[in-house]
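Colleague: I would like a close look at a single part of this model, with its surroundings taken in turn. Please keep to what can be computed from the atoms.

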Amino acid sequence: MAANFGQNDSHHAVADAWLAEFVLCTLPAEERGRLERHLSACPTCAAEGAGFAEALGALPFSLASVAPAEASYGRLLLAFQKEQREAGLTDPGLPARLAQLFDISMERAREALARAADPAAWGVPGMAFLPLQGGPAVAGAYTGLVRLSPGLRFPRHRHVGQERTLLLQGSYRDQDGLVLHPGDGRVLPAGSEHDFRVLPGDECIFATVVFSGIEILPLP
């Protein structure tokens, strides 16, 4: 869909059609560039986009947590772990999603994934962070790759600003029972709190964009 965005009603309608994909980081780069330029000049559509992002970030907190049957969960986990070992950081769809998350070129996204796959880049096991400079769309945010060892629990914390993540390898279970696997993306709003534990199997590696940092909370 091509559009020369302006300020009339038809152009607002085109922007509305793209906003959901924009917030979900699935909008192609060309359309994303056009929409970003329009949002910078159109307070109406910018407010609409902010509403989309806020609603998406709040969605996980509005759903009731239902624990799966132990046997069913075990079978599903084994199946997911098999798939992630076969795909892992070589998933052909990851470079484009990583490039969009960090607002960087495909070449730099591929370089980041290659670096993440190199054990020597991370140093000792446990928790490690590889900084990665993002583009203008994430200016001022903390951007990079995080690696956590299997079984590690990331402490309860509060997001000062919005956080966007993309899981690249491994899996983890959030405090509410939600399990994330490679390819899963998440947007958490400012003020949200949670903790999570890395599941057995591969080390957990995810890309993160954190605006304004996080606050580690005291143990209950």
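How many bridges join β4 to strand β7, and do the two run parallel or antiparallel? Please go on from there to whatever else involves β4.

Modeller: This is a predicted model, and what follows should be read in that light. Strand β4 covers residues 163-169, and β7 covers residues 185-188. The two are joined by four bridges and run antiparallel. Within this pairing, T165 of β4 stands opposite R186 in β7.

β4 has a pairing with β9 as well, a strand made up of residues 204-210. Here six bridges are found, and the strands again run antiparallel. R164 stands opposite V209 of β9. As for solvent, β4 is mostly covered, with six of its seven residues buried.

Next comes the cavity. The count comes to one cavity of 30 Å³ or more, and the volume of the largest is about 30 Å³. Its lining consists of T165, L166, L167, Y172, L180, D184 and F206. β4 gives the most to this lining, contributing three residues. Sorted by class, the lining has five nonpolar residues, one polar residue and one charged residue.

β4 also takes part in the largest nonpolar core, which has 24 residues. The residues with the most contacts inside this core are L98, F102, W122, L145, L168, A207 and V209. Two or more core residues come from each of α5 (94-102), α6 (106-116), β1 (127-131), β4 and β9. The largest share is that of α5, with five residues. V209, named here for its contacts in the core, is the residue that R164 stands opposite in the β4 to β9 pairing.

Last, the cysteines. C204 counts as buried because its relative accessibility is 0%. C45 has 2% relative accessibility and therefore counts as buried too. A search of the whole structure finds zero disulfides. For C45, the closest cysteine sulfur is that of C42, at 3.7 Å, and the two are not bonded because this is too far; the cut-off for a disulfide is a pair of sulfur atoms within 2.5 Å.

To return to the strand itself: β4 is joined to β7 by four bridges and to β9 by six, it lends three residues to the lining of the largest cavity, and it is among the elements that give two or more residues to the largest nonpolar core.

How values were computed: Residues are numbered from 1 along each chain as its sequence is written. This is a predicted model: local features need pLDDT of at least 70, side-chain atom pairs count only at pLDDT 80 or more; totals for chains, interfaces and linings use all residues. Side-chain values use heavy atoms; hydrogens and water are left out. On a 1 Å grid over the protein atoms alone, a cavity is a set of points where a 1.4 Å probe fits but cannot get out, and a pocket is an open set with protein on both sides within 12 Å along at least five of seven lines; lining residues have an atom within 4 Å of a point. Grid points are joined across faces, edges and corners, and a volume is the space filled by probe spheres set on the points. Ala, Val, Leu, Ile, Met, Phe, Trp, Tyr, Cys and Pro count as nonpolar, Asp, Glu, Lys and Arg as charged, and the others, Gly among them, as polar. Buried means under 20% relative accessible area, exposed over 50%, partly exposed in between (1.4 Å probe, protein chains only). Two strands pair if DSSP finds at least two bridges between them. A nonpolar core is a set of buried Ala, Val, Leu, Ile, Met, Phe, Trp, Tyr and Cys residues joined through side-chain atoms within 4.5 Å.
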